[in-house]
Amino acid sequence: MARYEICGGNPLQGSVTISGAKNAAVAILPAALLVKGKCRVENVPDISDVRILLDILADLGADIRYEAPGVVLLDCTNIVSTHPNPELVRKMRASYYLMGALLGRFHKANVALPGGCNFASRPIDQHIKGFAALGADVDENEDYVNLTPGPGGLQGNRISLDVVSVGATVNIMLAAVLLPGQTVIENAAKEPHIVDLANFLNTMGAHISGAGTDTVKIRGVESLQGGTYGIIPDQIEAGTYLAAVAAAGGNVLVRNVIPKHMECITSKLEEMGAKFINYDDAIRVQSDGRLQHTTVKTRPYPGFPTDMQAQICVCMALAEGISRLTESVYETRFFGYCTELASMGADILINGKTAIVTGQKQLKGATVRAHDLRAGAALVIAGLVAEGTTRVENIHFIERGYERLVEKLTALGADIRRIED
Ligand code: EPU
């Protein structure tokens, strides 16, 4: 088991380069299953979720090579299996995108239910509703989803999602791209990675319009051909560094970001006292570490992301006054980290969907456990600020989604080490 040891108190200075977006990569790599030909994907983050996904695709028969760090060549032309290795599938959440991609390519799929971060009940009923609307027969039990063509075969259809779901929007897009007819997804998610997936698929020859709005239209095409595509920068990784500088103080140029994607995060951190300068593809963040209380409610994009809830909670835990943080996507997400932060001296009262956070002058180092990816990132930020030494255990969660975290933070002046027992 590995852990991070952090000696808090150093301000962060210098520059950090953000990696490709995890949640775009985990949609785009399975999308390569739909392509006959070579896909060259740039800006692929080197994180464990991506490594597992590439292992799954290789195990299915894909030819996968790294041309250079972050540049993956994938050729899924010769794949015949529709049954990805269940042990690998259960290691991560986004492996459920194999359902849509395999259904789209082969009109059938037999995929184990995913594992991954379990900070809440994470149903996939909307994914299933989408597959059924496209004409699939769905046989689901507690371990597997088995998709086969229904009596009328598979074809495009209109699907109105009952909840705005990133995963269901992606999965339906993947399933529909090669089907005859038009698919319309209403109440679709609008996250940047939905747009990125559409751009990838369109680069390979798909006809998708409306991605980034709540209505996505997919006109089925007969085939997709290979090409080159670069994944967008990771909004949440960037947001995590911005929150870290806001809390720890310092002056950092965060490179390789799309400032528009960051507005929902920077506007809140600005209210709390951090200062930002936007460039074309970078943001400078400055903070003296003295923050003011604020109110945040998480919402689907373009709202404040649930994946930044834990990180801004650390900022609130150190801000002057009483902040309110309301979660509207995953109600139980607070439980992954608030007790751990409390052991570092944070004062957080959870009242249903809202955490009431009374800011403290200082947090103190402690031994804490990451319970999921973003909860773990928040504990690292808390460790950077806290007095004394913080040990963050269970860091495999953090390494699912943050590339070279220790290296990047060390370059900014943080005192953080990865210790392998
Ligand atoms: N929901 C349903 N039924 C469904 C699907 C979702 O009720 O069939 C509900 C969920 O329970 C939740 C809401 O809809 O309350 C939104 O869930 P969504 O489907 O959008 O989440 P997801 O696709 O499983 C993605 C990200 C998460 C991120 C959420 C919300 C990926 C691989 N994962 O999950 O990212 O928290 O969207 O933005 O894109 C992370 O990166 O740490 C992470 C957990």
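## Exercises around a ligand

The ligand sits in the largest pocket. Keep in mind that this model is predicted.

**Exercise 1. Find which elements and domains make up the shell around the ligand.**

Step one: look for elements that contribute two or more residues to the shell; these are α1 (22-31), α5 (125-133), α6 (166-176) and α12 (373-385).
Step two: turn to the domains. Domain 1 (2-18 + 233-420) and domain 2 (22-230) both supply shell residues, so the ligand lies between them.

**Exercise 2. Describe the residues of the shell and pick out those that come nearest to the ligand.**

Start with the kinds of residue: 13 are nonpolar, eight are polar and six are charged. Then go through the 27 residues around the ligand, where Gln126, Ser165, Val166, Asp307 and Val329 come nearest.

**Exercise 3. Work out how oxygen atoms of the ligand meet Val166, Tyr330 and Arg122.**

Take Val166 to begin with: a backbone N or O atom of this residue is 2.7 Å from a ligand oxygen. Next comes Tyr330, with a side-chain N or O atom 2.8 Å from an oxygen of the ligand. For Arg122, the distance from a side-chain N or O atom to a ligand oxygen is 3.3 Å. The protein also covers 89% of the 830 Å² of accessible area that the ligand has on its own.

**Exercise 4. Locate a cis peptide bond and a positive phi in the backbone.**

Most residues other than glycine have a negative phi, and most peptide bonds are trans. Now go to Tyr301 and Pro302: a cis peptide bond joins them, with omega about 10°. Pro302 belongs to the loop between β17 (295-297) and α10 (309-317). Finally, visit Asn43, whose phi is positive, near 65°; Asn43 is in the loop between β3 (35-42) and α2 (48-60).

How values were computed
Residues numbered from 1 in each chain as written. Predicted model: local features only at pLDDT ≥ 70, side-chain atom pairs only at ≥ 80, totals over all residues. Heavy atoms only, no water. Near = heavy atom within 4 Å. Polar contact = N/O pair within 3.5 Å; in protein donor to acceptor, adjacent residues only side chain to side chain. Areas by Shrake-Rupley, 256 points an atom, 1.4 Å probe, with all protein chains shown as cover. 1 Å grid on protein atoms, 1.4 Å probe; cavity = no way out; pocket = protein on both sides within 12 Å on 5 of 7 lines; lining within 4 Å. Sits in = over half its atoms within 2 Å of the grid points. Helix = DSSP H or I, 4+ residues; strand = E, 2+ residues; numbered from the N terminus. Nonpolar A, V, L, I, M, F, W, Y, C, P; charged D, E, K, R; others polar. Domains from an automatic or database assignment.
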